[in-house]
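Student: I've got a protein on my screen and no clue how to read it. Could you walk me through it?

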Amino acid sequence: MQNMFYKSFKMNVSDDFNKAALDLMGELEAIVTYDEHAKSANTQSAKTTWQSIKSEEETHAGELLALLFTLDPNFKENVEKGMKEFEERK
């Protein structure tokens, strides 16, 4: 699932914002993976486990977004602007 951008980005991580952004990408990838595993699980215990882990990863994603917002208030402003634009289109 890792594309060339991800690989080159990973190699050039130098500051806290970039590290947190890279970590967020990893958390989002994990969320998708655990969701796919839960949907295709053969047993309820496996499904429940992957759903639980997915939920933890979503919490981690939220923590990393908060860190990104703290490290770069302009980034937070742009994300909030995008969320507002999305809500207006609904």
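What follows is a chat that goes from the overall fold down to single residues.

Tutor: Before we start, keep in mind that this is a predicted model.

Student: Got it. How many helices and strands are there in the protein?

Tutor: The protein has 4 helices and 0 strands. If you walk along the sequence, the pattern reads α-α-α-α.

Student: And what share of the residues counts as buried?

Tutor: Out of 90 residues, 18% count as buried. You can also look at the outside: the accessible surface comes to about 6,700 Å², and carbon and sulfur atoms own 54% of it.

Student: What do contacts tell me about parts of the chain that are far apart in sequence?

Tutor: Take the contacts with a separation of 6 or more: 48% of them are between residues 24 or more positions apart. Let's look at some residues one by one.

Student: Okay, where is L64?

Tutor: L64 is in helix α3, which covers residues 44-71.

Student: Is L64 buried or exposed?

Tutor: Here you compare a percentage with a cut-off. Buried means under 20% relative accessible area. L64 has 13%, so L64 is buried.

Student: Which residues is L64 in contact with, leaving aside its neighbours within four places in sequence?

Tutor: Those are A20, D23, L24 and E27. Look at E27: along the sequence it is 37 residues from L64, yet their C-alpha atoms are 9.1 Å apart in space. Then try M25, which lies in helix α2. M25 is 39 residues from L64 along the chain, with 9.8 Å between the C-alpha atoms.

Student: How does M25 count on the accessibility scale?

Tutor: M25 has 25% relative accessibility, so M25 counts as partly exposed.

Student: Can we do one more from helix α3?

Tutor: Sure, A61 is in helix α3 too. With a relative accessible area of 9%, A61 is buried. Not counting residues up to four places away in sequence, A61 touches L24, E27 and I31. There is also A20, 41 residues from A61 along the chain, with 9.7 Å separating the two C-alpha atoms.

Student: Now for charged side chains. How many salt bridges are there?

Tutor: The idea is to look for a Lys or Arg nitrogen within 4 Å of a carboxyl oxygen of Asp or Glu. By that rule there are 5 salt bridges. One of them pairs D35 with K39, where the closest N and O atoms are 3.1 Å apart.

Student: Why are D35 and K39 separated by about one helical turn?

Tutor: Because they are 4 residues apart in helix α2, which runs over residues 16-39.

Student: And how accessible are D35 and K39?

Tutor: K39 counts as exposed, at 65% relative accessibility. D35 is partly exposed, at 22%. D35 also meets K54 in a salt bridge, at 3.3 Å from N to O. That pair links distant parts of the chain, since D35 is in helix α2 and K54 in helix α3, 19 residues apart. K54 itself counts as partly exposed, at 21% relative accessibility.

Student: What about helix α4?

Tutor: There, E80 forms a salt bridge with K76, with 3.9 Å between the closest N and O atoms. Both lie in helix α4 (residues 73-89), 4 residues apart, about one turn of the helix. E80 is partly exposed at 41% relative accessibility, and K76 is partly exposed at 34%. Elsewhere, salt bridges that share partners join D35, K39, K54 and E58 into one network.

Student: Last one: at what angle do α3 and α4 pack?

Tutor: To read packing, you look at the angle between the axes and how far apart they are. For α3 and α4 the angle is about 120°, and the axes are 5 Å apart. The two helices are therefore oblique to each other.

Student: Which residues make that contact?

Tutor: From α3 you have L65, L68, F69, T70 and L71, and from α4 you have P73, F75, K76 and V79. Sorted by type, the contact has 7 nonpolar residues, 1 polar and 1 charged. You've already met K76: it's the residue that forms a salt bridge with E80.

Note on methods: Residues are numbered from 1 along each chain as its sequence is written. This is a predicted model: local features need pLDDT of at least 70, side-chain atom pairs count only at pLDDT 80 or more; totals for chains, interfaces and linings use all residues. Side-chain values use heavy atoms; hydrogens and water are left out. Buried means under 20% relative accessible area, exposed over 50%, partly exposed in between (1.4 Å probe, protein chains only). Contact means heavy atoms within 4.5 Å. Accessible areas come from the Shrake-Rupley method with a 1.4 Å probe; for residues, only the protein chains shown count as cover. Axes are lines fitted to C-alpha atoms, for helices over the stretch in contact, and angles run from 0 to 180 degrees between N-to-C directions. Angles under 35 degrees count as roughly parallel, over 145 as roughly antiparallel, 65 to 115 as roughly perpendicular and the rest as oblique. Ala, Val, Leu, Ile, Met, Phe, Trp, Tyr, Cys and Pro count as nonpolar, Asp, Glu, Lys and Arg as charged, and the others, Gly among them, as polar.
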